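Colleague: Please pick a single part of this model for a close look, and describe it in one connected account that also tells me what lies around it.

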Amino acid sequence: MLIDADRLHIAIQKNGRLSDTSRELLKDAGLRLQNGRNALTARVDNFPADIMFVRDDDIPTFVADGVCEFGIVGGNVLEEFRLASAEPAVEVVAPLGTARCSLKLAAPESFDWQGPQSLAGQRIATSYPRITERWLADQGIAATVVKMNGAVELAPRLRIAPFICDLVSTGATLEANGLRAVADVFDSEAVLIRTTREIGVTRSALGEALLSRIQGVLTTKDAKYILLNARSESLPAITRILPGAEAPTIIPLHGRPGHFAVHAVCQESVFWETLEQLKAAGASAILVLPIEKMML
Ligand SMILES: Nc1ncnc2c1ncn2[C@@H]1O[C@H](COP(=O)(O)OP(=O)(O)OP(=O)(O)O)[C@@H](O)[C@H]1O
Ligand SMILES: O=P(O)(O)OC[C@H]1O[C@H](OP(=O)(O)OP(=O)(O)O)[C@H](O)[C@@H]1O
Ligand SMILES: [Mg+2]
């Protein structure tokens with residue numbers, strides 16, 4: 001496929017922890033992908049864009065080189081790339097709130113951890129040598145960082161290094177390998193990135209359109225439309241409780257003087273507790289509706 005100057009090119013992970021949520025985000029933004037799971041590229045048939053399915057490590061490079069105008073990648077991989085690159089021509093345009101994990105330093109469970117000084121002169125195995133080295137420099141510790149491309153948790157058992165710096169989410173992998181986290185190095189989530197290279201008027205406009213759709217998807221993710229009835233004296237308390245709602249619409253109820261309907265878009269999650277608080281504040285006939293699309 002030739003790089004087309006009037007189409008967008010979006011790099012997402014082919015197979016892995018980011019793949020499903022990346023595909024889903026594009027789908028929710030209305031992009032219909034033509035090809036199936038095993039293809040390396042997919043043409044979007046209802047928006048001028050092509051999707052490239054690649055290894056996540058290659059995504060920042062593709063975007064910085066301008067081969068792809070957009071990409072979805074873990075913040076950890078992006079940070080490692082930035083530290084390695086003299087002029088990383090990428091910017092984060094939206095944190096996506098998915099693939100949340102932390103790069104953590106871990107030591108064998110039995111190790112008597114005394115703080116970062118325990119690492120002085122030691123070896124640390126990691127797939128993220130630059131982030132690890134920066135953290136060590138910030139702590140003023142001199143240690144040897146050993147790069148491993150995967151299975152980092154095996155390093156202590158294989159006597160490659162007694163310490164590791166690896167991604168942790170539930171902590172189950174550390175535990176299964178007799179390790180425990182001793183310090184937080186970098187918190188990560190998936191991010192949407194864009195090239196900062198000149199891409200011309202057409203692709204810039206397409207990029208803005210795509211971004212506006214994606215921001216719409218992200219804002220509606222937790223958003224709900226709430227309708228309820230209340231007496232006028234309850235309105236101030238009720239509007240204070242509505243989570244993340246700006247200026248609700250308040251409409252008089254026909255034939256019931258002093259009673260109003262309140263309509264509001266809530267940008268934050270609406271829990272049962274919220275409904276209980278609303279009821280206690282005088283709300284009745286409370287309806288919570290999903291919002292399918294929103295453009296701000
Ligand atoms: N346990 C986890 N929980 C949540 N997010 C994670 C976890 N592990 C990794 N991630 C995030 O997901 C990203 C992709 O992880 P994955 O394991 O699929 O990468 P990979 O094996 O390097 O894939 P590739 O084959 O594309 O190189 C990581 O860079 C990180 O941002
Ligand atoms: O704290 P936990 O919830 O156990 O998750 C942490 C594990 O998840 C990631 O690996 P992944 O499962 O993606 O395998 P991979 O490194 O082989 O891609 C990471 O490299 C850790 O090994
Ligand atoms: Mg990878």
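Modeller: Helices and strands are here the runs that DSSP assigns, with at least four residues of type H or I for a helix and at least two of type E for a strand, numbered from the N terminus. This is a predicted model, in which local features need a pLDDT of at least 70 and side-chain atom pairs count only at pLDDT 80 or more, while totals for chains, interfaces and linings use all residues. Residues are numbered from 1 along each chain as its sequence is written, and chains are lettered from A and ligands numbered from 1 in the order in which they are written.

The part I have picked is domain 2, together with what adjoins it. The domain assignment, which is automatic or taken from a database, gives domain 1 as residues 8–98 + 190–220, domain 2 as 101–188 and domain 3 as 224–290.

A99 makes a convenient entry point, since this residue sits in the loop between strand 5 (90–95) and strand 6. Its phi is positive, near 50°, although A99 is not a glycine. A residue is called buried when 20 or more other C-beta atoms, placed from the backbone, lie within 10 Å of its own, exposed when there are 12 or fewer, and partly exposed in between. A99 has 23 such neighbours inside 10 Å and therefore counts as buried.

From there I turn to helix 4, which spans residues 129–139 and has I131, T132, W135 and L136 as buried residues. These four cover an arc of only 135° around the axis, so they lie on the same side of helix 4; the arc is that of the directions from the helix axis to the C-beta atoms. The face turned away from that buried side carries the exposed residues A137 and D138. The cover over the buried residues includes helix 3 (75–84), strand 6 (101–108), strand 7 (123–126), strand 8 (144–147), strand 9 (163–168) and strand 10 (179–188). After helix 4 comes G140, whose phi is positive, near 70°.

Strand 10, part of that cover, holds V182. With 17 other C-beta atoms within 10 Å, V182 is partly exposed. Leaving aside residues up to four places away in sequence, V182 touches L105, A106, A107 and W113, where contact means that the C-beta atoms, placed from the backbone, lie within 7 Å. The C-alpha atom of G121, 61 residues away along the chain, is 17 Å from that of V182.

Strand 9, which likewise helps to cover helix 4, leads on to ligand 2. A residue is near a molecule or strand if its C-beta atom, placed from the backbone, lies within 6 Å of it, and the residues surrounding ligand 2 are R17, G150, E153, D166, L167, V168, S169, T170, G171, A172 and T173. Strand 9 and helix 5 (172–176) each supply at least two residues of this shell, and strand 9 gives the most, with 3 residues. By class the shell has 3 nonpolar, 5 polar and 3 charged residues, counting Ala, Val, Leu, Ile, Met, Phe, Trp, Tyr, Cys and Pro as nonpolar, Asp, Glu, Lys and Arg as charged, and the others, Gly among them, as polar.

Ligand 1 has 16 residues around it, of which G16, R17, G74, C101 and S169 come nearest. This shell is made up of 5 nonpolar, 6 polar and 5 charged residues. Domain 1 and domain 2 both contribute residues to it, so ligand 1 lies between them.

For the neighbouring region, helix 1 (residues 19–28) offers a parallel. Its buried residues are S22, L25 and L26. They cover an arc of only 95° around the axis and so lie on the same side of helix 1. On the other side, D20, E24 and K27 are exposed. The buried residues pack against strand 1 (8–13), strand 3 (49–54), strand 4 (70–74) and helix 6 (200–220). Just after helix 1, G30 takes a positive phi of about 90°.

The record adds its own boundaries. UniProt, in an unreviewed entry, lists "domain: ATP phosphoribosyltransferase catalytic" at residues 55–215; its positions follow the numbering used here, with feature names shortened, and its annotations may be inferred rather than shown by experiment. The end C-alpha atoms of residues 55–215 lie 25 Å apart, and this span is 30% helix and 30% strand.

Technical notes:
Two residues are in contact if their C-beta atoms, placed from the backbone, lie within 7 Å.
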